[in-house]
Amino acid sequence: MFGLFKKKKDKAHVLGAPAKGKAVSLKEDPTFSEGILGDGVAVIPSEGKIYAPADGTIGMVFDTLHAISLTTDFGAEVLIHVGLDTVQLKGEGFEGHVKGDTVKKGDLLLTVDLEKVKAAGYDIITPVLICNTADYAAVTAQADKEVNAGDDVLTVEEK
């Protein structure tokens, strides 16, 4: 009856933290703060396990294992980038657990030896970016808080 009782489609999607640690604004990340690759959030991990922030399909696992892209089931193109300039480690200290797989939120994607990365002189901040930000009405970070892997850190609103 005039659409009064139709259930409204939820236009907001929430992504979880890829790791346990502290969620921070991308402003804390000098490489990704400009938003060139998209809006998002970063986590300073306290553990070396990186998990899927949402259900989706792995698009690419970089040869150096420092970054993974995935497309969520709702179409967001997500890049998880472990550390700054960690590509220079050429995979040293990283172990991949997925390839072109379909994943569920919370599935283990990578393990990283955080102490090894820090000892090599690299920052471990881990941005989670929505590379197709322009396709959405808003991408909002929930930062400045301690998080467990999977805790809500990023909301993506459809147009």
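# Close-up views

**View 1. The T126 side chain reaches the backbone oxygen of I124 at 2.9 Å.** The model is predicted: local features need pLDDT of at least 70, side-chain atom pairs count only at pLDDT 80 or more, and totals for chains, interfaces and linings use all residues. Residues are numbered from 1 along each chain as its sequence is written, and side-chain values use heavy atoms, leaving out hydrogens and water. A polar contact is a pair of N or O atoms within 3.5 Å; within protein, one must be able to donate a hydrogen and the other to accept it, and residues adjacent in sequence count only if both atoms are side-chain atoms. T126 sits in strand β11, residues 126-130. Strands (E, at least two residues) are DSSP runs, numbered from the N terminus. T126 is buried, at 1% relative accessible area. Buried means under 20%, exposed over 50%, and partly exposed in between (1.4 Å probe, protein chains only). Leaving out residues up to four places away in sequence, T126 touches V41, A42, V43, P45, I80, H81, V82 and G83. Contact here means heavy atoms within 4.5 Å.

**View 2. F74 and Y136 form an edge-to-face aromatic pair.** A search of the whole structure finds 1 aromatic pair. The F74 and Y136 rings lie 6.3 Å apart, centre to centre, with 80° between their planes. Rings of Phe, Tyr and Trp (its six-membered ring) pair if their centres lie within 6.5 Å; planes under 30 degrees apart are stacked, over 60 edge-to-face, the rest tilted. This pair links distant parts of the chain, 62 residues apart. F74 belongs to the loop between β6 (67-72) and β7 (77-81), while Y136 belongs to strand β12, residues 136-141. Burial differs between the partners: F74 is partly exposed at 22% relative accessibility, whereas Y136 is buried at 9%.

**View 3. V78 is among the residues with the most contacts inside the largest nonpolar core.** That core has 36 residues; I58, L109, I130 and L154 share this ranking with V78. A nonpolar core is a set of buried Ala, Val, Leu, Ile, Met, Phe, Trp, Tyr and Cys residues joined through side-chain atoms within 4.5 Å. V78 touches L15, P53, I68, S69, L70, T72, V128, L129 and I130, residues up to four places away in sequence not counted. A second, separate core of 9 residues includes V24, L26, L79 and L84. In soluble globular proteins, nonpolar side chains tend to be buried together.

**View 4. T72 contacts V78 from strand β6.** T72 is buried, with 4% relative accessible area. Setting aside neighbours within four places in sequence, T72 also contacts A54, D55 and G56.

**View 5. The largest pocket has a volume of about 160 Å³.** Its lining comprises S25, L26, K27, F32, S33, G35, D39, G40, V139, T140 and A141. On a 1 Å grid over the protein atoms alone, a pocket is an open set of points where a 1.4 Å probe fits, with protein on both sides within 12 Å along at least five of seven lines; lining residues have an atom within 4 Å of a point. Points are joined across faces, edges and corners, and the volume is the space filled by probe spheres set on them. Strands β3 (39-45) and β12 each supply at least two lining residues. The largest share, 3 residues, comes from β12.

**View 6. D85 and D144 each have a positive phi of about 60° although neither is a glycine.** D85 is in the loop between β7 and β8 (94-96). D144 is in the loop between β12 and β13 (145-147). D85 counts as exposed at 51% relative accessibility. D144 is exposed too, at 57%.

**View 7. L89 is a buried residue at 15% relative accessibility.** L89 lies in the loop between β7 and β8. L89 touches F94, V117, A120 and Y122, not counting residues up to four places away in sequence. L89 and T155 are 66 residues apart in sequence and 32 Å apart in space, C-alpha to C-alpha.

**View 8. The E158 side chain makes a polar contact with the H13 side chain at 2.5 Å.** E158 lies in strand β14, residues 152-158. E158 is partly exposed, at 22% relative accessibility. A76 is 82 residues from E158 along the chain, with 9.9 Å between their C-alpha atoms.

Definitions and conventions: Helix = DSSP H or I, 4+ residues; strand = E, 2+ residues; numbered from the N terminus.
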